[in-house]
Amino acid sequence: NPQQNSQEERILNIVRQINTNVRAIYRKGEGRQNVQKYPNFRVETHSLQDLIERRYYLDTHHFDFSGSLHSTSNEHSDSISSLVGFAGLQTIVELRDQLITAGVPESELFEENVRGFLKKTSTNKAVQETLEENPRLFGIYNNGIVITAEDIIAPNGLNNIKLKKPSVVNGCQTVNSIWTVFSKKGSELAPAEFHEWCSNSFFKGFVPVKIICPKKLGSEAIS
């Protein structure tokens, strides 16, 4: 049926734009028990409504991001194309919180990254040890992260900016290691101890960041 095929193709086009890593799709109200599980592959299930709502949220929402940042353009301009500087580890944690609050999977932040989180590698283990034992020096040892965004606005100055559809294109291991250590300590320590550890140790750390808006700077910026 040509009409049915056309409708299915439109749906698939929406899905491809939203999440290129979709493995299985089901209609709202259907259970997930019929989705076949493959032992050697990661299978994700998403309802079409969830995907469309997620796309709408990402298209219309700006994420808060703070740090000591410097722009290559006039800071009072509406056309900030790139920023470079440092962000506190607290900012990276809060970025994750914004995703969770919005119901957006954390993996959405790494859609443009060439690889996912590798978890238990010797490098990530060393990174996490530094985060736990000496977070103040983390930014000295770490190469930093690169974030692209569809738009960068600074209504209150460069230290508190807003990013539309941020994507970590370099630094997936770093960001996830920060989240891993923060979550691990949160589960190990009593609330009062965790708060003290964050205030007096973890949140004293920082990480180098570059933030780029390819549409304004040009595609060669991240080639």
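**A strand, an aromatic cluster and a surface patch**

Hi everyone, let me start with one bridge: Thr-148 has Ile-212 of strand β10 as its bridge partner. Before I go on, please keep in mind that this is a predicted model.

Thr-148 belongs to strand β6, residues 145-148. How do β6 and β10 pair, parallel or antiparallel? They run in the parallel sense, with four bridges between them, and β10 covers residues 206-212. β6 also has a neighbour in strand β9, residues 167-170, and here the two strands are antiparallel, joined by three bridges. If you want one contact to look at in β9, take Val-168, which is the bridge partner of Ile-147.

Now the side chains of β6. Ile-145 and Ile-147 point one way, Val-146 and Thr-148 point the other way, and all of them are buried. For Ile-145 I can give you the number: its relative accessibility is 2%, which is under the 20% cut-off, so Ile-145 counts as buried. And where does Ile-145 sit with respect to Val-168? They are 23 residues apart along the chain, and their C-alpha atoms are separated by 7.1 Å.

Let's move on to the aromatics. Over the whole structure, the search finds eight aromatic pairs. Take Phe-182 and Phe-203: the ring centres are 6.1 Å apart and the planes meet at 20°, so this pair is stacked. Phe-182 comes from helix α6, residues 172-188, while Phe-203 is in the loop between α7 and β10, so the pair ties together parts that lie 21 residues apart in sequence. The two residues are covered to different extents: Phe-182 is buried at a relative accessible area of 17%, whereas Phe-203, at 24%, is partly exposed.

A second pair sits within one helix. Phe-194 and Trp-197 are stacked as well, at 6.0 Å centre to centre and with 25° between the planes. Both lie in α7, three residues apart, which is about one turn of the helix. Are they buried or exposed? Phe-194 is buried, and so is Trp-197.

Which residues do the ring pairs link into a cluster? They are Phe-182, Phe-194, Trp-197, Phe-202 and Phe-203.

Phe-202 brings me to another aromatic residue, Phe-138, in helix α5. The C-alpha atoms of Phe-138 and Phe-202 are separated by 9.8 Å, although their positions lie 64 residues apart along the chain. Phe-138 has a relative accessibility of 1%, so it counts as buried.

Right beside Phe-138 in sequence we can look at the surface. Leu-137, Ile-140 and Tyr-141 make a nonpolar surface patch of about 330 Å². Leu-137 is placed in the loop between α4 and α5. With a relative accessible area of 32%, Leu-137 is partly exposed.

One last topic, the cysteines. How many disulfides does the structure hold? Zero. Cys-172 is buried, at 3% relative accessibility, and Cys-198 is buried too, at 5%.

To wrap up, then: β6 pairs in parallel with β10 and antiparallel with β9, ring pairs link five named aromatics, from Phe-182 to Phe-203, into a cluster, and Leu-137 takes part in a nonpolar patch. Thanks for listening, and I'm happy to go back to any of these residues on the screen.

Key. Residues are numbered from 1 along each chain as its sequence is written. This is a predicted model: local features need pLDDT of at least 70, side-chain atom pairs count only at pLDDT 80 or more; totals for chains, interfaces and linings use all residues. Side-chain values use heavy atoms; hydrogens and water are left out. A disulfide is a pair of cysteine sulfur atoms within 2.5 Å. Buried means under 20% relative accessible area, exposed over 50%, partly exposed in between (1.4 Å probe, protein chains only). Two strands pair if DSSP finds at least two bridges between them. Rings of Phe, Tyr and Trp (its six-membered ring) pair if their centres lie within 6.5 Å; planes under 30 degrees apart count as stacked, over 60 as edge-to-face and the rest as tilted. Patches are made of residues with over 30% relative accessible area and no salt bridge: like charges are joined within 9 Å, nonpolar side chains (Val, Leu, Ile, Met, Phe, Trp, Tyr) within 5 Å. Accessible areas come from the Shrake-Rupley method with a 1.4 Å probe; for residues, only the protein chains shown count as cover. A salt bridge is a side-chain nitrogen of Lys or Arg within 4 Å of a carboxyl oxygen of Asp or Glu.
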